[in-house]
Amino acid sequence: MTIKRTDVEKVAALARLELDQAELDALTDDCGSILEFFEAIRDVDVEGATPAGALEHPAPARDDQAEHDRLERPPAEMAPEWREGYFVLPRLPALDAESVDDDSEA
Amino acid sequence: MPGSTRPGVRELQEALRSRRLRVDELLRSALQAIAGSDASEPPLGAFLSVAGEDLLTQAADLDRALDDGDEVGPLAGIPVAVKDNICTASLPTSCGSRILEDYVAPYEATVVRRLKAAGALIVGKTNLDEFAMGSSTENSGFGPTRNPLDPERVPGGSSGGSAAALAAGLVPLALGSDTGGSVRQPASFCGVVGLKPTYGRVSRYGLVAFASSLDQIGPLARNVEDVAMLLSVIAGVDRFDSTSADLPVPAYHDALGEGPEGLVVGVPREYFPDDLDPGVAAACRAALERLERLGAEVREISLPHTGYAVPAYYLVANAEASSNLARYDGLRYGMRAPGAQSTIAVYRETRGAGFGREVKRRIVLGTYGLSAGYYDAYYGTGQRVRSLIARDFERAFAGGVDVIFTPTAPTVAFRLGERIDDPVAMYLSDVFTVTANLARVPAVSIPVGRVEGLPVGGQLLARQFDEVTLLSAAHALERAVGDAAWSEEG
Amino acid sequence: MAESAASPHETIIGLEIHVQLKTCSKIFCGCRVEFGAPPNTHVCPVCLGLPGALPVVNRQAIELAVRAALALNCQLHRSSIFARKNYFYPDLPKGYQISQYDRPLATDGWLDFPEAKGGGTGRVRIRRLHVEEDSGKSLHDRFAAKTAVDLNRAGVPLVEIVTEPDIRSPADARAFLGRLKRALEYLEVSDCNMEEGSLRVDANVSVRPVGSSEFMTKTEVKNMNSFSQLEKALAYEATRHLNLLRSGGQVEHETMLWDPVRGEARPMRGKEEVHDYRYFPEPDLPTLEIPETTVDRLGGCLPEMPWQKEQRFVDDYGLPRYDAELLSSSRALADLFEAVARSAPDPKEASNWVMGEVLAAANDLGLPVERLDVDPEGLAEVIGLVAEGRLSHGLGKQLFRRMIETGKSAERVMEEEDLRLAGGAELEAWVREAIDGNPAEVERYRGGEEKLLAFFIGQVMRKSQGKADPAQARQALMEYLGRS
């Protein structure tokens, strides 16, 4: 399996990475040779091997208590743009997808 | 000569308790040494930020307590350097990335809280490959760290700053993080001791995630006892980390002292390939002979899936990384690309400008490996091979081996720039270290010899959560090797 | 195709329902869950997605989800795993949502509901139920050319319930959702408040010729904020599909946004990017294990569902359907009814009093039924007194109200306030007044209009302000009127 320039472009869009043409070329080359190197893994017989996944020990749980926030500084101090209690970022309706008010994506 | 003659933590503690040394003095000399290391040409580049006045106040408090004979914590007054991907509320946490330049976390990592509670002084944050992605510390967004033993060479990575700070004698203790060898390989390159604990032994809360199922915070020091002492302070279950194990924490430094008599050391043949650097191979063989002479049983074993570990590791790590790095979007914290007029532009431009080349490579590869149609071939296969590698280790330990010995890295420290344009060559620096992360077993690197003046690290691995056996064996190996760690072999 | 398009069609609907679980704190951190708090005040390293922060599961959220799964007759998976759903959105702080994917908490359930037409019972199969975290809120109209983000809601626990496409009309979708809401409220799993967003519904709609088993292209409809909007939006969309098919057009697979003001659904813009959520197991959370003891405990205390209760009230107490439905609409009301019915002479009387006097008292005092201080045995006593004829209905009402207000026993109140039936001379005086004051009616009664007796009893009761013993009054009136 190898990766084409259009694949890199597509993936970069999915990952929200702005890449200039030179970077795109370099990344296509880099990723191509890395994926080629990874191909060695196809020699492994993975038949019957279960993928290592989540830890098997049971997840510890917390009690349903509202504890005090543990922020030593308010979010306003770290936000690049902050207005009237909100994190703010620019929006161009023509470019930025329309969404339900209460984003029901979740 | 270097490391061996510098005082260990136990000596510093005794000097502080007897008041022959004051915390204030110790701290000032550390801060001075750090400043000096960057004033030289070329600068060492081990630290990205250094603590200021408030630390002197802490030192004064500790001095007062020690003067009064009050009870103090186990690391009272000991300077500790912390890798810059571990959150501290009073110093920046940049992860070596432009995207987090000037970011100061509004909370502290569990390990940092534990260090402070133990009385340790966090003197500064150390340099690393951006988001711990790299094996040379050349990928830092703020310039490389150099190897104190040869400034033309890399200190290894990604915890290169921590290892270099120790090797240069700037601090006696440091924390790193190890996802695929990032504590052990720099320890090997810099001639210090570095431990990757069992996955779940140390809380990851506050460790900026690279690959969550592989990441583990680990201690570095100039000897095994100091590493054990630091581990005792930071280990243990944490209610903020669901993957931390609820198991008792032994006093690791008290468990040292056993000799190698009767210790069964497995030596996997796959870790001594024909093309292994002859100097590295010789140093490792010599160390094994010394152990054997002192009564250890050395047994050849096989870990058959070793050859697939590097691809499996990168398939898993990159996928997790691509998801972990999605939060850097220029909205809530960190850098935002100036002039972006739309949400999508803020995302794309911030991430485009904020991440370095290696990070982008891994995000692209990881995103690709998780995307529709590729998941099984990449991430799925990686996780399957991972479980085969873990099974290799289970079988070896079930076969009666107490610890496994391997070289830490296939070479000694390489030159700056030597591999930076060849990602595959760089990835192969991790060939002997990634397996411990994949199998979630503990592993430690300790100096076993030198090649052309550059240190060679030997790696020991043990069963999950058996750091006691691991560190006892490492302690025995350290004593067996003795001064040979500082001399050339055959 | 053209042929089948002209033949009768049916609507195929499947629902995707998000329900906020009723917890004090968020699912993965200790931040308080509070609707309407000032923006970004219930946030911490975890729900802000700060570098290095990690999730820890809230036990109560999981237990509520388990309870919901059991109530929906699901197969509960005692071992399930969390997965990351990766996408970028301003109100998604980590760039991924912690959800469940290929190993959800529960699958293969069902819920019966009363069909909107014909009085039958329909069954909707539940494909899956999983636990996940809510996103924050993006406000696009707060500031010009900006998106404002509030993360108070980020990390609020949700269950997502996905049904099979078993619903055949917009009215049934509404009826089913009503039944589901009733169940989840009753279980105290959720407030199910659509206006506050604690119950959110998306729907998949398609139409096909009746008799066909083929599924046609479906569209997803979002942004329906009430039950009536759900029904309207689905009807709109089904009609649109049908018109397209009948005119030989094609339904596009797309997401439609319902506009409740204009009463139409529009395709969502900006969907040119195909979603690729790149799900993978969440490495920060171990396998979610539900201990058997937890399942037993939660399964064991699962309350009777309101519609089961309703049926039982009909069967066991012989109540009319109307009474049974009203009484089972809230747990407090149902429990009170049953407690009263235990000691009252007749269940229907108990029902009348609970639906009438109890609800009236709750209404007058502005209190929910559960906070009304009603002693069920006391109420049963009052009902008994009235039934035995020892109190008139009016006196009974007065007595009951005073008992609620004072917290005193029936006996005490009757004694202190002299609430008793009067007879003898007192009664005689009222009877006389009733007869003397209505000579025309007396004439008519004597002329054979015997049903006027009720009128005279009413007169006596009014004059006595309810104190007259109705039986004695009747007796006395018949005597007096019988004399010519």
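**Nonpolar cores and the contact between chains C and A**

The largest nonpolar core comprises 279 residues, and those with the most contacts inside it are V80(B), V123(B), V403(B), L460(B), A65(C) and A68(C). A nonpolar core is a set of buried Ala, Val, Leu, Ile, Met, Phe, Trp, Tyr and Cys residues joined through C-beta atoms within 7 Å; a residue is buried if 20 or more other C-beta atoms, placed from the backbone, lie within 10 Å of its own. Helix 10 (residues 309–324) of chain B gives the largest share of this core, 10 residues. Apart from this core lies another, of 46 residues, among them V358(C), V386(C), V413(C) and M461(C).

The model is predicted: local features need pLDDT of at least 70 and side-chain atom pairs count only at pLDDT 80 or more, whereas totals for chains, interfaces and linings use all residues. Residues are numbered from 1 along each chain as its sequence is written, and chains are lettered from A in the order in which they are written.

Leaving aside neighbours within four places in sequence, V403(B) is in contact (C-beta atoms, placed from the backbone, within 7 Å) with residues including L263(B), V265(B), L460(B) and A473(B).

The contact between chains C and A takes 57 residues from chain C and 39 residues from chain A. On the side of chain C that touches chain A, the largest share, 5 residues, comes from strand 10 of chain C (strands are DSSP runs of E, at least two residues, and helices runs of H or I, at least four, numbered from the N terminus). Strand 1 (residues 61–62) of chain A pairs with strand 2 of chain C in the parallel sense over 2 bridges, pairing requiring at least two DSSP bridges. R62(A) stands opposite N58(C) in strand 2 of chain C.

Methods: Contact = placed C-beta atoms within 7 Å. Buried ≥ 20, exposed ≤ 12 C-beta atoms within 10 Å, placed from the backbone.
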